[in-house]
Amino acid sequence: GKEKWPRGDEKTWKEGFRSVNTEVPSITKSIVNHVQTSLARQAYNLDDLGAYQAAALSVRDDLILNWNETQMHYTRKAPKRAYYLSLEFLMGRTFDNALLNLGLKEQYREGITKLGFNMEDLLEQERDAALGNGGLGRLAACYLDSSASQELPVWGYGLRYQYGIFQQLISPEGQQLEQPDPWLAGGENPWELPRLDVTYEVRFYGTAERLPEGRALWQGGQEVLAVAYDVMVPGCYTKNTNNLRLWESKPKRGFDLNSFNAGDYEHAVESSNSAAAITSVLYPNDHTTFGKELRLKQQYFWTAASLADIVRRFKNIGKPFSAFPDYVAIQLNDTHPTLAIPELMRILIDEEEIPWGKAWDIVTNTVFYTNHTVLPEALEKWPVPLMEHLLPRHMQIIYDINLFFLQAVEKKFPGDRDRLARMSLIEEGFPKQVRMAHLACIGSRKVNGVAELHSELVRTTILKDFVEFEGPSKFSNVTNGITPRRWLDQCNPELSALISKTLKVDKSVWLKDLDKLKELLPYAEDAGFRKEWAAIKQRNKERLAHHVQTTLGLTVNTHAMFDVQIKRLHEYKRQTLNILGVIHRYLTLKQMTAAERKKVNPRVVFFAGKAAPGYYIAKLTIRLIVNAARIINADPETRDLLTVYFLPDYSVSLAEVLIPASDISQHISTAGTEASGTSNMKFCLNGGLLVGTVDGANIEIAEAVGENNVFFFGHLTPAVEDLRYQHMYHPVPVEEKCPPLAKVLDCVASGMFGDGGVYEPLLNTIRQHDYYLITEDFESYIGALAMVDQAYLDKEEWIKKSIRTTANMGKFSSDRAILEYAESFWNIEPVKVA
Ligand code: Z57
């Protein structure tokens with residue numbers, strides 16, 4: 001029979017219901033309540049950490065109300081949903097972001113002040129959730145913010161790593177040292193809801209026995225439990241609060257009691273350890289693959305649990321599986337979740353007994369693949385023997401997909417054996433390897449790159465054969481975006497306030513319709529406005545200087561131009577070009593007379609970024625930066641004009657301080673290597689100008705803000721391959737090709753920055769193959785920096801450029817990007833929670 005709901009007396013229930021606390025007295029009451037009960041502490045022994053925890057718990061209560069309502073509403077309406085599968089979500093801090101999105105920051109500030117605490121101090125208590133390496137993980141976080149803000153029914157799926165990206169220490173010699181990041185060790189994480197009742201069993205190893213009708217029986221091996229943790233993702237100025245579901249691995253049973261009873265305690269604990277190990281740590285490699293079994297286990301564990309969850313939710317709607325693509329879209333963030341394709345095939349064929357052809361139709365109408373790089377070392381390949389051992393059924397399915405696929409290729413291009421070998425899912429060799437990008441491509445409805453140039457390179461290089469086979473319409477572009485909530489309103493509150501005041505519109509309007517920034521353009525001509533604009537930049541520089549003073553004990557000259565390069569250390573990103581340019585500047589200054597030096601712009605160069613622990617050359621680059629900084633900063637002749645800082649332990653929170661303070665930032669990858677870049681967008685949104693190569697999203701930024709507001713240099717993408725080829729077959733020594741660079745290299749080699757021998761391997765990458773074309777681009781790079789100096793001399797003109805840059809950045813809101821995914825790929829619509 002039908003149950004009465006709610007049970008008991010409805011009026012009593014309703015009187016107990018609460019809504020979001022929006023008034024200061026109810027906020028402070030809630031905070032005090034959490035101090036007394038949740039924290040079991042007293043008013044008279046409460047420190048900043050305790051006050052932060054109580055305030056966070058208070059905000060958490062509000063988020064839970066909205067989250068609950070949103071999830072109930074989505075379930076009732078049963079719209080088509082999209083799922084964003086990403087091994088990385090680089091969320092950073094949540095407290096400030098939640099307060100701003102809820103529109104409650106000022107009320108909380110007032111309440112916290114009343115309780116005798118300082119808002120800024122409390123914000124600093126929170127640890128970053130750093131479950132990502134760099135751009136790819138931060139993009140996922142921006143897309144979650146935009147999905148919720150645009151009221152789209154989108155969930156994220158990822159892993160709940162016990163340890164996020166390592167903490168970086170820099171030794172006195174300039175070596176990077178890695179420390180674990182036990183981000184959950186402080187006890188409760190207020191931003192997640194453990195869902196200990198939402199669990200799935202995930203199998204590894206065992207045997208797969210083929211049955212009639214294409215089905216198979218996969219059994220034996222090891223079973224591990226996936227437990228859900230839900231992270232609340234509030235939208236901006238909306239009740240919609242989406243979900244990021246992170247999986248934790250657990251042994252299926254605490255111990256194997258048989259071994260335990262037999263006295264084999266160690267064996268019992270071992271198998272439980274190996275299950276827990278799956279989600280213990282984020283792999284810290286960016287743009288490289290290592291073929292490690294545990295990494296493949298992570299990938300399968302996460303895709304299997306996510307798909308089981310998605311399929312269960314779909315089944316609750318009560319539709320036939322042929323309608324699956326009408327209710328579900330799955331976006332693969334790079335190839336890391338590609339096993340979703342054979343896993344969905346396995347579920348449909350082996351569990352739901354759907355024939356192969358129908359199953360393949362469902363999969364290829366549900367799954368979408370975003371490629372994030374064309375660098376060969378980053379394209380995932382898994383050894384067939386490893387796959388066969390760990391996932392025997394999936395390997396069968398991959399072989400079957402490959403067979404049908406190659407038959408179709410053979411039909412279209414008869415006798416073209418080279419083509420078949422190039423396109424096969426299996427790369428021949430010892431061992432054979434599964435090419436994940438090929439599998440992701442043929443198993444998806446659409447394939448996209450992340451900026452115009454990059455998408456074109458995907459079509460014409462790594463997936464060229466697939467475009468020829470399937471036609472061009474499957475391959476498209478969605479240029480990346482960034483959320484203006486975190487990357488303007490949150491990190492640069494003064495600029496945000498000035499924009500609202502000037503446009504005479506509440507930020508709730510322009511933060512969700514970023515093209516409105518265009519209306520700032522006429523104010524570039526307004527001297528009063530320019531003065532305010534410049535004063536804010538100056539205060540942001542002072543805020544950064546204060547941060548450096550308190551964390552590193554160093555005094556920064558805030559009257560200098562702030563020049564910033566912050567990103568993962570990688571040869572293709574060419575931090576080496578930057579530091580060699582800095583040394584060149586130093587040598588030039590040393591040769592000047594005192595009178596000449598008087599005319600020089602003071603410059604402070606900031607670097608920050610982590611190197612993969614095993615990436616020797618990247619670590620050596622850090623070492624060169626740190627040691628060059630030590631010598632240059634200590635030189636009394638030049639130190640008023642040039643200083644260099646390497647800020648350790650780059651993070652989302654550090655970026656939030658650095659970006660608003662920058663006058664100029666560097667995005668100087670070898671043309672054709674940086675798929676998009678997203679920090680370039682963050683700097684420009686905050687009125688920083690950009691020096692960069694004609695690469696990735698730099699190109700579209702220049703199109704939007706005007707080429708006269710960007711400092712471009714270097715060879716273009718089509719030239720790169722030729723130059724490499726020439727260099728390979730007709731090498732010309734650096735001394736001939738670029739004498740100023742040769743001089744810089746000599747200074748490094750001769751020990752100007754400590755033992756020159758240490759840097760030989762780094763210098764040799766340039767002297768020998770110079771794969772990233774530092775020699776070819778050096779002079780044009782120095783030329784671009786000279787143009788920057790020249791432009792900075794005209795202060796008023798510089799501020800105009802800065803204003804015009806911000807005003808033209810509307811396109812780069814992640815709201816625009818997520819709406820493109822929603823409309824042209826997923827076919828989902830907003831579902832507003834009233
Ligand atoms: C990563 O952060 C990116 C690409 C990858 O293949 C991997 Br693995 C990690 C970055 C690109 O390098 C950036 O250019 C791009 O902006 C970002 O992904 C987001 O698309």
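**The ligand shell and the two domains**

In this predicted model, helix H7, which spans residues 135-149, makes the greatest contribution to the shell around the ligand, supplying 3 residues. The shell as a whole consists of 19 residues, of which Gly135, Leu136, His372, Thr373 and Ser676 are the closest to the ligand. By class, 11 residues of this shell are polar, 5 are nonpolar and 3 are charged. Because residues of the shell come from both domain 1 (78-92 + 128-480 + 820-826) and domain 2 (484-812), the ligand lies between these two domains.

The centres of domain 1 and domain 2, taken over C-alpha atoms, are separated by 35 Å. In the contact between them, 39 residues belong to domain 1 and 35 residues to domain 2. On the side of domain 1 that touches domain 2, at least two residues are supplied by each of strand S2 (89-92), H7, strand S5 (167-170), strand S6 (176-179) and helix H18 (452-462), and H7 gives the most to this side, with 5 residues. The residues on this side of domain 1 comprise 19 polar, 14 nonpolar and 6 charged ones.

Lys381 belongs to strand S14, which covers residues 381-383. Lys381 is classed as partly exposed because it has 19 C-beta neighbours inside 10 Å, whereas a buried residue would need 20 or more. When residues up to four places away in sequence are left out, Lys381 touches Thr289, Glu427, Gln433, Val434, Arg435 and Met436. Between Lys381 and Leu641, which stand 260 residues apart along the chain, the separation of the C-alpha atoms is 49 Å.

Technical notes. Residues numbered from 1 in each chain as written. Predicted model: local features only at pLDDT ≥ 70, side-chain atom pairs only at ≥ 80, totals over all residues. Near = placed C-beta within 6 Å. Helix = DSSP H or I, 4+ residues; strand = E, 2+ residues; numbered from the N terminus. Nonpolar A, V, L, I, M, F, W, Y, C, P; charged D, E, K, R; others polar. Domains from an automatic or database assignment. Buried ≥ 20, exposed ≤ 12 C-beta atoms within 10 Å, placed from the backbone. Contact = placed C-beta atoms within 7 Å.
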